[in-house]
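Student: I have a chain open in the viewer and would like to go through it with you. May I start with a single residue and work outwards?
Tutor: Certainly; please bring it up.

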Amino acid sequence: MAGTLNIRIVVVDDDIAACQALRRTVFIEEQGVSEDLEIDGLDDTCTHVLATRGGVPIATARIRFLDDVAKIQRVCVLSAHRGEGIGAAVMRFILTAVTTASSVSTVNFTAKVSSIRIRNGSSRHSPARGPS
């Protein structure tokens, strides 16, 4: 856990490519999601969030805005960094960003229960298969 966690919205092509590379690693290579499902052609219409530690990309998510709805999608953390609270930090960052936007009235996030690490006593769930 060396280095400070930095979470930001990215707009530079190299940073968006880093987000896509993280998703490829987690969803396609690690979890076996089909490339057709993961690469859905919607990235150009989404806002991308990148988390880095020491300048190294370790987590990402995207936000798809549909009218007054913000859909949080494709949240993933590299396996070596799971259990460090990074996914929760990314979600807090996104929720803060979208709930302060005056045009957003609803935030939507769909996940399989097994994809969420629940920090309630000793209860932990393993990653689900597939992007949300």
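Student: Is Thr 60 buried or exposed?
Tutor: This is a predicted model, and in it Thr 60 counts as buried because its relative accessibility is 1%, under the 20% cut-off. The residue lies in strand S3.

Student: What does its side chain reach?
Tutor: The side chain of Thr 60 reaches the backbone oxygen of Val 49, at 2.7 Å.

Student: Which residues is Thr 60 in contact with, leaving aside its neighbours within four places in sequence?
Tutor: Thr 60 is in contact with Cys 19, Leu 22, Arg 23, Val 49, Arg 74, Val 75 and Cys 76.

Student: Two cysteines there. How many disulfides does a search of the whole structure find?
Tutor: The search finds zero.

Student: Why is there no bond for Cys 76?
Tutor: The closest cysteine sulfur to that of Cys 76 belongs to Cys 19, and because the two are 8.5 Å apart, they are too far for a bond. A disulfide would need the sulfur atoms within 2.5 Å.

Student: Is Cys 76 buried or exposed? And Cys 46, buried or exposed?
Tutor: Cys 76 is buried, with a relative accessible area of 4%. Cys 46 also counts as buried, at 11% relative accessibility.

Student: Let us step back. What is the secondary structure of the chain?
Tutor: The chain has three helices and five strands. Read from the N terminus, the order is β-α-α-β-β-β-α-β.

Student: What share of the residues is buried?
Tutor: Of the 132 residues in the chain, 33% are buried. The accessible surface comes to about 7400 Å², and carbon and sulfur atoms hold 52% of that.

Student: How much of the contact count comes from residues 24 or more positions apart?
Tutor: Among contacts with a separation of 6 or more, such residues account for 60%.

Student: Now strand S2. How many of its residues are buried?
Tutor: Seven of its eight residues, 46-53, are buried, so the strand is mostly covered.

Student: Which strands does S2 pair with?
Tutor: S2 pairs with S1 (residues 5-10) in the antiparallel sense over six bridges, and Val 10 has His 48 of S2 as its bridge partner. Eight bridges join S2 to S3 (residues 56-66), again antiparallel, and there Thr 52 stands opposite Pro 57.

Student: What about the hairpin of S2 and S3?
Tutor: That hairpin has two residues between the strands, and Gly 54 takes a positive phi near 60 degrees.

Student: Which residues does Ala 51 touch, not counting those up to four places away in sequence?
Tutor: Ala 51, which lies in S2, touches Leu 5, Asn 6, Ile 7, Val 56, Pro 57, Ile 58, Ala 59, Ile 86 and Val 90. Its relative accessible area is 0%, so Ala 51 is buried. Ala 51 and Leu 5 are 46 residues apart in sequence, with their C-alpha atoms 6.8 Å apart.

Student: Ile 86 is in H3, I believe. Which residues of that helix are buried?
Tutor: Ile 86, Ala 89, Val 90, Met 91, Ile 94 and Val 98 are buried in H3. As a general point, an α-helix has 3.6 residues a turn, so residues three or four places apart point the same way.

Student: What covers the buried residues of H3?
Tutor: The cover includes S1, S2, S3, S4 (69-77) and S5 (106-109).

Student: And how far does the helix reach?
Tutor: H3, residues 86-99, has 14 residues and reaches 20 Å from its first C-alpha to its last, close to the 20 Å expected at 1.5 Å a residue.

Definitions and conventions
Residues are numbered from 1 along each chain as its sequence is written. This is a predicted model: local features need pLDDT of at least 70, side-chain atom pairs count only at pLDDT 80 or more; totals for chains, interfaces and linings use all residues. Side-chain values use heavy atoms; hydrogens and water are left out. Helices (H or I, at least four residues) and strands (E, at least two) are DSSP runs, numbered from the N terminus. Buried means under 20% relative accessible area, exposed over 50%, partly exposed in between (1.4 Å probe, protein chains only). Contact means heavy atoms within 4.5 Å. Accessible areas come from the Shrake-Rupley method with a 1.4 Å probe; for residues, only the protein chains shown count as cover. Two strands pair if DSSP finds at least two bridges between them. The expected span of a helix is 1.5 Å times one less than its number of residues. A polar contact is a pair of N or O atoms within 3.5 Å; within protein, one must be able to donate a hydrogen and the other to accept it, and residues adjacent in sequence count only if both atoms are side-chain atoms.
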